[in-house]
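Visitor: I am new to this structure and should be grateful for a close look at one part of it. Please begin with a single stretch of the chain and then explain how its surroundings are built.

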Amino acid sequence: MEVGGRTYSFQVASEVGERDGLGVEAYRENGAKRVLVCEVFRHDLDRNVTFTAFEQDIPFEVVEHTCRMARERLADWQWTE
């Protein structure tokens, strides 16, 4: 995704260990380096979903796309007992 002359990419990533869950991460491409700018993370142990910004002034289109991907890719957020 191109916003304001910068390129952003997105990925779905799982984490097991300190945090158990699944997340959608947004990266700003900076040459050969990728910088994590924000994530939506589904915490399976705590049964909640959080948004974390790792930078300030993230374009709204990037935040919106990250949240939309999370709704589509992190499956049903209704946990069963």
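**From one loop to the sheet and helix**

Guide: Asp 57 is located in the loop that links S5 with helix H1 (60–73). The model is a predicted one, and this loop is a convenient place to enter it. Asp 57 has a relative accessibility of 75% and is therefore classed as exposed, the threshold being over 50%. The backbone at Asp 57 also deserves attention, since its phi is positive, at about 60°, and the residue is not a glycine. Most residues other than glycine have a negative phi.

Arg 47 shares this feature: it is not a glycine, yet its phi is positive, at about 60°. Arg 47 belongs to the loop between strand S4 (33–43) and strand S5 (48–53). With a relative accessible area of 34%, Arg 47 is described as partly exposed, because that value falls between the limits of 20% and 50%. The loop that holds Arg 47 is the turn of a hairpin, in which four residues lie between S4 and S5.

To place both loops, one may look at the whole chain. The protein chain contains one helix and five strands, and these follow one another along the sequence as β-β-β-β-β-α. Measured out along the principal axes, the C-alpha atoms occupy a box of roughly 45 × 25 × 20 Å. Of the 81 residues in the protein chain, 35% are buried. When contacts between residues at least 6 apart in sequence are considered, 35% of them join residues at least 24 apart.

The five strands make up an open sheet, arranged in the order S1-S2-S3-S4-S5 with antiparallel pairing. Strand S1 (2–3) and S5 form the edges; each has a single partner strand, and so one side of each has no neighbour in the sheet. The edge strand S1 is connected to strand S2 (residues 6–15) by two bridges, and the two run antiparallel. In this pairing, Glu 2 has Thr 7 of S2 as its bridge partner. H1 packs on the sheet and touches S1, S2, strand S3 (21–30), S4 and S5, with a direction that makes about 30° with that of S2.

Further along the sheet, S3 and S4 are joined in the antiparallel sense by 10 bridges. These two strands form a hairpin with two residues between them, and Gly 31 in its turn has a positive phi of about 65°. Across the pair, Val 24 has Val 40 of S4 as its bridge partner. Val 40 is in turn bridged to Phe 51 in S5, within an antiparallel pairing of S4 and S5 that holds six bridges. S4 is mostly covered, with eight of its 11 residues buried.

Gly 23 shows the surroundings of one position inside the sheet. Gly 23 belongs to strand S3 and has a relative accessible area of 2%; it is therefore buried, the limit being under 20%. Beyond residues up to four places away in sequence, Gly 23 is in touch with Gln 11, Val 12, Ala 13, Val 40, Phe 41 and Leu 74. Glu 2 is 21 residues from Gly 23 along the chain, and their C-alpha atoms are 21 Å apart.

The nonpolar side chains may be considered next. In soluble globular proteins, nonpolar side chains tend to be buried together. Here the largest nonpolar core has 14 residues, and the members that touch the most others are Tyr 8, Phe 10, Ala 26, Val 37, Val 62 and Leu 74. At least two residues of this core come from each of S2, S3, S4 and H1. Phe 10 illustrates how such a residue is surrounded: apart from neighbours within four places in sequence, its contacts are Met 1, Glu 25, Ala 26, Val 62, His 65, Thr 66 and Met 69.

Finally, two rings have an arginine over the face. Arg 19 is placed over the face of Phe 41, 3.8 Å from the ring centre. Arg 34 is placed in the corresponding way over Tyr 27, at 4.0 Å from the ring centre. As for rings beside one another, zero aromatic pairs are counted with centres within 6.5 Å.

To return to the starting point, Asp 57 is an exposed residue in the loop leading from S5 to H1. S5 is an edge strand of the sheet, and H1 packs on that sheet.

Technical notes. Residues numbered from 1 in each chain as written. Predicted model: local features only at pLDDT ≥ 70, side-chain atom pairs only at ≥ 80, totals over all residues. Heavy atoms only, no water. Phe/Tyr/Trp six-rings, centres within 6.5 Å; stacked < 30°, edge-to-face > 60°. Lys NZ or Arg CZ within 6 Å of the ring centre and 35° of its normal. Buried < 20%, exposed > 50% of the residue type's maximum accessible area, 1.4 Å probe, protein only. Pairing = 2+ DSSP bridges. Contact = heavy atoms within 4.5 Å. Axes fitted to C-alpha atoms, helices over the stretch in contact; angles between N-to-C directions. Core = buried A, V, L, I, M, F, W, Y, C linked by side-chain atoms within 4.5 Å.
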